[in-house]
Amino acid sequence: MSIARTRENARGKTRGFCRACPVCDGRACAGEIPGMGGAGTGASFTRNLAALAALRFRVRLVHEVRAPETSLEVMGFRLSMPLMVAPVGGLSFNLGGPMEEGAYQRAVAEGARAAGITVGTPDAAAPGIFETGLAEAGAPLGGGMLPFVKPWETGLVRERLGKAREAGCAAAAMDLDSVGLVTLRLMQRPCLPKGPRELAGIAAAARELGLRFVLKGLLTPEDALLAVEAGCDGIVVSNHGGRVLDSSPATAEALPAIAAAIKGKAAIFVDGGIRSGGDVLKMLALGADCVMVGRPFTVAAVGGGAEAVAELAEEFRGGLETAMVMTGTASVRSVPPDILLG
Ligand SMILES: Cc1cc2nc3c(=O)[nH]c(=O)nc-3n(C[C@H](O)[C@H](O)[C@H](O)COP(=O)(O)O)c2cc1C
């Protein structure tokens, strides 16, 4: 199915919650939470795309890169390219219930598996969403996904980490920036920040279970260094797709200083506004090891199921390979910053 047709299907099913725009940039849905938008004016969402669009490649054509290497291993995940589907949950209240939560998680995971990549699974105040993600993504992926736990009180976090391990996962994550999420406040389940000691305790609990631990939602080198000191194996540079605070920096703006502080000490993931294979390569040049993409995969899964998810992933791969050849980049495992114009 064409991507335009997939979008049209999705638009019909989400009853106005998502307009499935040709470019998913947060303009039409600004401020819509619950919904698919960014917080407040929506500027943190739209800025993610604008910051990437402002970057340009140094085109290099006199070289021998013909079949660039896109595969990599990151945090124990073997991926055919440096791309994962970001965790997205709460389809009933964010998208008007276009499909069952479980069917969505299954479709995304099946499509990701077909493309040789993996997914993050979500957590929410609504009961059962965390477990549904584990079960439905786990069916095709056999535990090879990355479950995200909200920064609940430590006892509940430990319980969910235990469930992730039982599901066969080798890594788990926490989206600490959900502290700013309005949907949790509306459901009377707000979350609080974690101090360095509490964070170290959670990372240690994950390690005892045999799980690597990733912290999502960081935007400064100070927090990234504290995460590494607390024992996190990876971080996600993220502003939650602009959903947690108006006037956040774009992730492409925040990434270089974070990479300068912790590159090589922990895996660096990044998400927010990544819409093409070229954007993936830009984020690698800014210091990421791997990227995550959220809403476009949601629209694909709702509009065309697993097949459309795999098609979208292949479109990212095509764009990534083209950008690598056009910049003389041989491998995603080592992308020099100077493929971007200064
Ligand atoms: C409807 C919706 C639900 C989300 N649920 C979660 C979640 O449960 N856990 C999480 O870590 N991030 C969640 N996110 C954030 C995404 O994982 C990701 O950070 C963001 O969507 C990336 O930006 P992009 O959509 O522009 O690619 C959600 C985002 C949306 C739009």
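Which polar backbone atom is 3.4 Å from a nitrogen atom of the ligand? To find out, select Gly89: a polar backbone atom of this residue is 3.4 Å from a ligand nitrogen. Keep in mind on this tour that the model you have open is a predicted one.

**Stop 1: the ligand and its contacts**

Stay with the ligand and add Asp123 to your selection. Here a backbone N or O atom of Asp123 lies 3.1 Å from an oxygen atom of the ligand. Next, pick Asp271 and show its side chain. An N or O atom in that side chain is 2.6 Å from an oxygen atom of the ligand. Now try a surface view of the protein around the ligand. Taken alone, the ligand exposes 610 Å², and the protein buries 98% of that area.

**Stop 2: the shell around the ligand**

Widen the selection to the residues around the ligand. There are 23 of them, and the closest are Pro87, Lys216, Asp271, Arg275 and Gly294. You have met Asp271 already, through its side-chain contact with a ligand oxygen. If you colour the shell by class, you will find seven nonpolar, eight polar and eight charged residues.

**Stop 3: the largest cavity**

Hide the ligand for a moment and look at the space it leaves. That space is the largest cavity, one of two cavities of 30 Å³ or more in the structure. The largest cavity holds about 530 Å³ of space. Its lining is made of 35 residues; select Pro87, Val88, Gly89, His240 and Arg243 to see those that lie nearest its centre.

To see which elements contribute, colour helix H3 (91–95), helix H7 (182–186), strand S10 (290–293) and helix H12 (295–327), each of which supplies at least two lining residues. Helix H3 has the largest share of this lining, with four residues. By class, the lining of the largest cavity has 16 nonpolar, 11 polar and eight charged residues.

**Stop 4: the second largest cavity**

How much space lies in the second largest cavity? About 40 Å³. To find the place, select Ala10, Arg11, Thr14, Cys18, Ala20, Leu95, Thr298, Val299 and Val302, which line this cavity. Two helices, H1 (3–13) and H12, are the elements that give two or more residues to this lining. Helix H12 gives the most, with three residues. Colouring the lining of the second largest cavity by class shows six nonpolar, two polar and one charged. Notice that H12 also supplies at least two residues to the lining of the largest cavity.

**Stop 5: the loop between H1 and H2**

Keep Ala20 selected, since it is among the residues lining the second largest cavity. Ala20 is placed in the loop between H1 and H2. Show its backbone: Ala20 has a positive phi of about 45°, although it is not a glycine.

For a last look, move along to Pro34, which lies in the loop between H1 and helix H2 (43–53). Select Ile33 as well, and zoom in on the bond between these two residues. What kind of peptide bond joins Ile33 and Pro34? It is a cis peptide bond, with omega at about -5°.

How values were computed: Residues are numbered from 1 along each chain as its sequence is written. This is a predicted model: local features need pLDDT of at least 70, side-chain atom pairs count only at pLDDT 80 or more; totals for chains, interfaces and linings use all residues. Side-chain values use heavy atoms; hydrogens and water are left out. A residue is near a molecule or strand if one of its heavy atoms lies within 4 Å of it. A polar contact is a pair of N or O atoms within 3.5 Å; within protein, one must be able to donate a hydrogen and the other to accept it, and residues adjacent in sequence count only if both atoms are side-chain atoms. Accessible areas come from the Shrake-Rupley method with a 1.4 Å probe; for residues, only the protein chains shown count as cover. On a 1 Å grid over the protein atoms alone, a cavity is a set of points where a 1.4 Å probe fits but cannot get out, and a pocket is an open set with protein on both sides within 12 Å along at least five of seven lines; lining residues have an atom within 4 Å of a point. A molecule sits in a cavity or pocket if more than half of its atoms lie within 2 Å of its grid points. Ala, Val, Leu, Ile, Met, Phe, Trp, Tyr, Cys and Pro count as nonpolar, Asp, Glu, Lys and Arg as charged, and the others, Gly among them, as polar. Grid points are joined across faces, edges and corners, and a volume is the space filled by probe spheres set on the points.
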